[in-house]
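Visitor: I have a model open and would like to learn how to read its sheet and its ligand site. Could you walk me through them?

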Amino acid sequence: MISLVADTSVDSPRRAIVIGGSMAGLLAARVLIDHFAEVVLIERDGVSDPLATRPGVPQSQHVHVLLTQGQRLLEQLFPGLAAALTAAGAPTVEWTADWLMLGAGKWLPRCSSDLSGRTCSRTLLEGLIRQRLLASPKLTLLTGCQVEGLLTTKENQRVNGVQLHWRTPDAASVPLLSAALVVDASGRNSALPSWLTQMGYDAPPETMINAFLGYASRWYERPKSLEADWQGITVAALEGVNSRGGVLYPIENDRWIVTLGGVGHDYPPTDETGFLAFARSLRVPILYDLLKEAQPLSPIYSYRRTENRWRHYERLHHMPEGIVALGDAVCAFNPVYGQGMTTAALSAMTLDRCLKQVQTQTRNHFSLRFHKQLARQLKTPWLMATGEDGRWSTTKGAQPGRRERLMQKYFDRVTVLMQDSPALMKTFAEVVHMVKPPTALLAPGIVLQVLASYGKRIPNTN
Ligand SMILES: Cc1cc2nc3c(=O)[nH]c(=O)nc-3n(C[C@H](O)[C@H](O)[C@H](O)COP(=O)(O)OP(=O)(O)OC[C@H]3O[C@@H](n4cnc5c(N)ncnc54)[C@H](O)[C@@H]3O)c2cc1C
């Protein structure tokens with residue numbers, strides 16, 4: 001347990017502070033432990049019940065897919081996590097074999113691959129990670145505690161701590177905490193841009209691309225009598241055909257989370273009749289057929305803040321030292337592509353790499369250098385998410401040029417060709433799971449298949 005000192009007259013070279021104890025904050029704290037003597041993770045919510053949903057993470061009521069790349073990175077950071085998830089009842093899923101997936105046309109072929117993972121509720125995953133982190137004597141978690149501002153040196157050249165506001169009446173009333181590095185992982189509503197302007201710096205420019213996707217989700221008991229050769233189902237929305245999609249996602253304790261989504265303001269309703277009618281109106285009514293017989297375990301939850309938003313800290317010319325941001329505070333994605341947690345893990349790895357470089361190189365401009373490296377890593381998931389969202393005429397902020405439209409046409413061919421090619425489908429799945437870069441789909445063999453298909457008519461829709 002650290003002693004909370006209010007003395008900010010000097011930096012605390014041994015301490016790092018993380019603002020926000022959700023996925024990006026937890027993973028940042030994990031890597032900071034390897035570089036600092038003390039890491040203080042500050043979370044606004046109380047987290048007394050590790051498996052309860054909390055106001056700061058409303059998304060935990062919805063499907064939360066951990067992509068294979070994310071699963072691998074989390075296992076690297078927390079060895080034994082996958083086994084702990086299994087012990088807690090999370091199903092093991094081989095994504096290309098156990099999932100029914102209606103993509104661009106037909107149901108995709110199912111085949112074996114090494115793309116596997118555990119499917120579970122977001123609260124279980126976060127709870128197990130927090131538990132493992134708390135086992136480190138270097139970590140202190142302050143809950144019910146909000147960061148209200150940054151502390152800086154006289155000329156605002158360096159951030160050297162945070163100002164706290166305790167939300168629980170019985171908490172220690174230490175209002176200031178010093179640190180050598182502050183990491184902002186406070187999510188989409190991050191106050192860092194306005195803190196920077198108050199300090200005399202520019203706020204980062206923002207790019208926003210909004211497909212106006214809305215979610216509605218409900219938890220169900222998996223019917224005991226159900227015999228199925230699949231574990232989960234995705235019916236994708238398809239531009240020009242149907243703006244509605246849905247996912248049935250198995251989680252611990254024989255439950256399903258079913259999330260329905262509609263693009264372009266076609267938001268799913270949250271009343272029972274409307275929810276089922278929406279499920280019935282997907283390209284195929286498979287989810288409706290299952291849900292009408294299944295026992296609901298929850299109300300229907302709604303979520304609509306799904307825009308892609310990138311705060312470009314990497315474009316700033318000046319930034320104070322001692323502060324960086326990551327996770328949704330920097331780049332939040334349309335959640336339908338399931339990239340947020342995996343990108344948070346990749347960002348934590350980038351922070352780790354940059355801190356290792358600091359040991360051998362100059363500390364000057366660490367904040368800007370980190371953000372430049374982070375931006376390189378964010379580019380691919382950003383292009384994948386916004387490229388897909390840009391297909392919809394209702395999407396705001398997307399301006400696909402000639403090159404983007406050519407790529408879309410190319411990938412359209414790939415998604416149709418893979419309906420009859422398990423090998424191509426596997427490569428596509430590896431890209432979606434962020435195990436391979438999208439350029440894997442530009443391998444010569446695949447380009448030849450696509451070129452050969454140009455003379456043929458390809459049925460694309462249903
Ligand atoms: C509906 C929905 C579905 C999603 N589905 C998926 C999915 O399938 N797969 C996937 O990988 N990702 C998904 N995501 C994205 C994923 O949830 C996030 O990318 C991931 O949680 C990382 O977010 P974060 O930690 O940066 O921010 P958040 O999860 O937003 O957490 C921010 C944290 O900071 C705390 N906080 C905020 N301000 C302060 C402050 N001033 N002081 C102290 N604490 C503060 C909040 O209480 C909160 O705990 C989904 C997101 C949404 C909205």
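Visitor: How many bridges join strand β10 to β19?

Guide: In general, strands of a sheet pair through backbone hydrogen bonds, either parallel or antiparallel. In this predicted model, β10 (residues 181-184) and β19 run parallel and are joined by three bridges. One pair to look at is Val182 with its bridge partner in β19, Ile323.

Visitor: In what order do the strands of the open sheet come?

Guide: Five strands make up the open sheet, ordered β6-β2-β1-β10-β19, with parallel pairing. β6 (139-143) and β19 (323-325) each have a single partner strand, so one side of each lacks a neighbour in the sheet. From one strand to the next, the twist averages 20 degrees.

Visitor: Which strands does helix α1 touch?

Guide: Helix α1 (residues 23-32) packs on the sheet and touches β1 (15-19), β2 (38-43), β6 and β10. The direction of α1 makes about 170 degrees with that of β2.

Visitor: Now the ligand: which residues offer polar atoms to its oxygen atoms?

Guide: Start with Ser22, where a polar side-chain atom lies 2.7 Å from a ligand oxygen atom. His64 also places a polar side-chain atom by an oxygen atom of the ligand, at 2.8 Å. For a ligand nitrogen atom, look to Arg44, which has a backbone N or O atom 3.1 Å away.

Visitor: How much of the ligand does the protein bury?

Guide: The protein buries 95% of the 1000 Å² that the ligand exposes when taken alone. Around the ligand are 32 residues: 14 nonpolar, twelve polar and six charged. Strand β7 gives the largest share of this shell, three residues.

How values were computed
Residues numbered from 1 in each chain as written. Predicted model: local features only at pLDDT ≥ 70, side-chain atom pairs only at ≥ 80, totals over all residues. Heavy atoms only, no water. Pairing = 2+ DSSP bridges. Helix = DSSP H or I, 4+ residues; strand = E, 2+ residues; numbered from the N terminus. Axes fitted to C-alpha atoms, helices over the stretch in contact; angles between N-to-C directions. Contact = heavy atoms within 4.5 Å. Near = heavy atom within 4 Å. Polar contact = N/O pair within 3.5 Å; in protein donor to acceptor, adjacent residues only side chain to side chain. Areas by Shrake-Rupley, 256 points an atom, 1.4 Å probe, with all protein chains shown as cover. Nonpolar A, V, L, I, M, F, W, Y, C, P; charged D, E, K, R; others polar.
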